[in-house]
Amino acid sequence: MTHILQVFVISEKVLVTAALPYANGLLHIAHVRSTYLPADVFSRFLKATGRDAIYICASDDHGTPIEVNAAKRGVSPEEHVAFFRKKQVRDFKDLGIEFDFFSRSSGKVNREFSDFFFNTLKEKGFIEEREVLHRFCPKCKRFLPDRFVKGTCPFCGAFDQYGDGCEECGKIYRPVDLLDPKCAQCGTVPVEKAGKHFFFKLSSFSGKLKSWLESNNALQSEVKNYALKWIEEGLEDWDITRDAPYCGFEIPGEKDKYYYVWFDAPIAYFSSVAQWAKEKGVEFDGFVSGDAKIYHFIGKDILYHHYLFWPAMLLGVEKFSLPFAIPTRGHGLLAGKKMSKSRGSFITVEDFLKEFPADYLRYYWSATTSYSMQDGSFFWGDFQRRVNDDLANTLGNFVNRTLVFVKNNFDSKVPEILKPRQLAGAEKEFDAAISRVAGDVFSAMDSGDLKKGLEVLMDFVRECNKYFNDSKPWQLVKEGKDSSASVSVSLCAKAVATVAVLAFPFVPVSSRDIWSQLGFSSELEKVKWGSLKSLSVGGLVIKNPKPVFKKIEDSVIKKVSRDLGGA
RNA sequence: AGCGGGGUAGGGCAGCCUGGAGUGCCCGUCGGGCUCAUAACCCGAAAGCCGGUCGUUCAAAUCGACCCCCCGCUACCA
């Protein structure tokens, strides 16, 4: 059976989301690797294969760090969020990350959705009030969550540890357990103060979560095991309340009580869809309930929220579909080390794109990021190698040698292509390979293995180069066998068109370049993979061919790795 | 400490679930071919005790046990 046939009959609605970027800093290239790029590649793939897919995201505007950092900068949380959100939106655009809608978690619609979730869960008895003891700084007039209190580790006695865990012995504890506590901001000794908090009864969903995880085969098994382990150890109910001052939505009917940021953040996936649907004038329900296929792309750091908390909320509300898959990828490292500001190993998207085209980064991460929780490094040398060898020498050169050949020997006009039954030998084989490749790439990518899909595509391009070499059209032309040469060249041109279409999800800008150099005036993104078989290249007029990918010089790598880090 | 992931030619990886000659990919090295093309492309060769030990099996990179090393995670830090 050929998968490509299925492409015609797939008409399902698919919602693709990417983890909400926290509006508290600049995007760096590791963020791109685990979440935004794979989700973008996948949604482009879905659209190109006939699915009714949308790619939705939003800025995450809430939480303590935003409130605190805004105060540090002397601006309001709203201004702080707007500042970073704007930069992130620009970075996404420059990277070719094309959301159908990019909302904000602090928006009006998300507030309505959050209240709906809260009220529904409360009515159903899944949210209850409890008195809890927290440390309160009388000078700052605020409750001190985890990182806001410092003191001595109750286990090993290490000094100057944060409230959430000890960096010396690795033990985890609550802020109230910390000995000799002090406010991390002002050094004042905090007092213990009781307050009313709302708890989401996560523990009561253990059974349902377990069976959902176990029965859902689209979830990665490695991540599933991870989540199941947590259930086995016993889920704790989840404190979804934060006290003022807090940057978030105030809980209805309460004073100075806010939803914890992780309560309203995932809800923004759906509220954003609602906004998109309203703007487009289409139905909202189809993408979030019933048979909708929902994919949440995330980095491994937030898998608890997406494999446990969020599904439990959905199970409680009983209105929406549970995620179909939650593609979870590992983190991007810089030459084996965590990207972190303090260590100076932190490459922002902005800085990166000043030096290189977005497609270079898109290709590099796509080619090196497996569908797993495995971390992966960015190496400058490897990056250069991938760009120069894979993109320029293998892909770019195949395109270029084909187009230049048409220009020089066929008056820039692609010869008419023969029907498969008119072909024989190597030509017939190559034609079959061209017909086969879309299905092969499709199979890999449809299962979520984007890296494999790209590998299959690159293998095909190598096969193209081999065919070009073996069929020696330049020799045929010299011998006056123009018609034989035209058969080879027309097949290569068809291969180029096929590659442009299949590479589009990965390197959209470059693919468009190839497409237009080939002489197409149509829009590449409208071409469905299922229609590749009937794609006609004969008669196309080649525009002035020029290399699609420029190679990166050693000196540039040297300079950039020194300036941006990771040398 | 527990849990998760990893340890496969000089480097980077796939293969492992569903055992079948180390099967394979990219780069590097060495040799050859080609000259259409971005000094690109193609072919060939050298190079691995598949982290270690023990087991199961006719057969183990693949399954099981134990051990060693690396990385990560451990809920109110997105």
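**Group meeting: strands and sheets in chain A**

Let's start with a pair of strands. Strand 1 and strand 2 (residues 52-59) run parallel, and five bridges join them. Two strands count as paired if DSSP finds at least two bridges between them. Helices and strands here are DSSP runs, numbered from the N terminus: H or I with at least four residues for a helix, E with at least two for a strand.

A word on what you are looking at. This is a predicted model: local features need pLDDT of at least 70, side-chain atom pairs count only at pLDDT 80 or more, and totals for chains, interfaces and linings use all residues. Residues are numbered from 1 along each chain as its sequence is written, chains are lettered from A and ligands numbered from 1 in the order in which they are written, and side-chain values use heavy atoms, with hydrogens and water left out.

Back to strand 1. In strand 2, Ile56 stands opposite Thr17. How do we get from strand 1 to strand 2? Helix 2 (residues 29-48) joins them in a right-handed β-α-β unit. Right-handed means this: with the strands pointing away from the viewer, the path from the first strand over the helix to the second runs clockwise.

Strand 1 also pairs with strand 13 (residues 293-299), again parallel, through five bridges. There, Leu15 stands opposite Ile294. Is strand 1 mostly covered or uncovered? Mostly covered: of its six residues, 13-18, five are buried. Buried means under 20% relative accessible area, exposed over 50%, and partly exposed in between, using a 1.4 Å probe and protein chains only.

Next, another sheet. This one is open, has four strands in the order 5-4-9-10, and pairs antiparallel. Strand 5 (142-143) and strand 10 (238-239) stand at the edges with a single partner strand each, so one side of each has no neighbour in the sheet. Strand 4 (residues 127-137) and strand 9 (residues 191-200) pair over 10 bridges. His134 stands opposite Lys193 in strand 9.

Now the whole chain. Chain A has 18 helices and 17 strands. Its radius of gyration is 27 Å, close to the 24 Å that the globule rule gives for 567 residues, so chain A is as compact as a globular protein of that length. That radius is taken over C-alpha atoms, and the rule is 2.2 Å times the number of residues to the power 0.38. The C-alpha trace spans about 95 × 50 × 40 Å along its principal axes. How much of chain A is buried? Of its 567 residues, 56%.
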